[in-house]
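Work through the exercises below with the structure in view. Try each task before reading its solution.

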Amino acid sequence: MAKKIAIQKGLDDLKNSLKSKGYEVYDINENKEVEAIIYMADGYSIPYMDRFISMDAGFEIDRNKEVLLINATGKTLEEIEYIINNRLYSPLFE
């Protein structure tokens, strides 16, 4: 089954690349059940953070499941896919 991803508006190249690889990709403002949320942040200000931590997130999130938040800043498509598929930002041992 395809993984469902919400992505910040403006990341169209990444959105299209993930779609072409078989992921179900939605705009971050759509009300869809997702497994991961991809956004861009400069390290100081995280867009949509109030929605991530709010009880009424605006996303269809099963409170019994974890939703992975991925900051795409400085990451390649391959790194983002690794994070999505392994639910890790980096391998423990290389």
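**Exercise 1. Read the chain from end to end.**

Solution. Along the sequence, the protein chain follows the pattern β-α-β-β-α-β-α. It has 3 helices and 4 strands. Helices (H or I, at least four residues) and strands (E, at least two) are DSSP runs, numbered from the N terminus. The model is predicted: local features need pLDDT of at least 70, side-chain atom pairs count only at pLDDT 80 or more, and totals for chains, interfaces and linings use all residues. Residues are numbered from 1 along each chain as its sequence is written, and side-chain values use heavy atoms, with hydrogens and water left out.

**Exercise 2. Find the strand order of the sheet and its edges.**

Solution. Start with the order. The sheet is open, has 4 strands and reads β2-β1-β3-β4, with parallel pairing. Next, the edges. β2 (24–27) and β4 (68–71) each have a single partner strand, so one side of each is left without a neighbour in the sheet. Then the twist: from one strand to the next, it averages 25°.

Two strands pair if DSSP finds at least two bridges between them. In general, strands of a sheet pair through backbone hydrogen bonds, either parallel or antiparallel.

**Exercise 3. Follow the pairings of β3.**

Solution. Take β4 to begin with. Strand β3 (residues 36–39) pairs with β4 in the parallel sense over 4 bridges. Here Ala-36 has Leu-68 of β4 as its bridge partner. Now take β1. It runs parallel to β3, and 3 bridges join them. Ile-5 stands opposite Ala-36 in β3.

Last, look at the side chains. Ala-36 and Ile-38 point one way from β3, while Ile-37 and Tyr-39 point the other way. All are buried, that is, under 20% relative accessible area; exposed means over 50%, and partly exposed lies in between (1.4 Å probe, protein chains only).

**Exercise 4. Place helices α1 and α3 on the sheet, then describe how they meet.**

Solution. First, α3. This helix (residues 77–86) lies across β1, β3 and β4, and runs at about 165° to β4. Axes are lines fitted to C-alpha atoms, for helices over the stretch in contact, and angles run from 0 to 180 degrees between N-to-C directions.

Second, the meeting. The axes of α1 and α3 come within 11 Å and cross at roughly 60°. That makes α1 oblique to α3. By the cut-offs, angles under 35 degrees count as roughly parallel, over 145 as roughly antiparallel, 65 to 115 as roughly perpendicular and the rest as oblique.

Third, the residues. Leu-14, Ser-17 and Leu-18 of α1 make the contact with Leu-77, Ile-80, Glu-81 and Ile-84 of α3. Contact means heavy atoms within 4.5 Å. By class, there are 5 nonpolar, 1 polar and 1 charged residues. Ala, Val, Leu, Ile, Met, Phe, Trp, Tyr, Cys and Pro count as nonpolar, Asp, Glu, Lys and Arg as charged, and the others, Gly among them, as polar.

**Exercise 5. Is Leu-14 buried or exposed?**

Solution. Locate the residue: Leu-14 is in helix α1. Check its area: at 15% relative accessibility, Leu-14 counts as buried. List its contacts: not counting residues up to four places away in sequence, Leu-14 touches Ile-7, Ile-38, Ala-72, Leu-77 and Ile-80. Take one of these: Leu-14 and Ile-80 are 66 residues apart in sequence and 9.5 Å apart in space, C-alpha to C-alpha.

**Exercise 6. Treat Lys-3 and Glu-66 in the same manner.**

Solution. Lys-3 sits in the segment before β1. With a relative accessible area of 25%, Lys-3 is partly exposed. Leaving aside neighbours within four places in sequence, Lys-3 contacts Tyr-23, Glu-24, Glu-35, Ile-84 and Asn-85. Lys-3 and Asn-85 are 82 residues apart in sequence, yet 8.7 Å apart in space, C-alpha to C-alpha.

Now Glu-66. This residue is in the loop between α2 (49–53) and β4. Its relative accessible area is 67%, and Glu-66 is exposed. Beyond neighbours within four places in sequence, Glu-66 is in contact with Glu-35 and Arg-87. The C-alpha atoms of Glu-66 and Glu-35 are separated by 7.3 Å, with their positions 31 residues apart along the chain.
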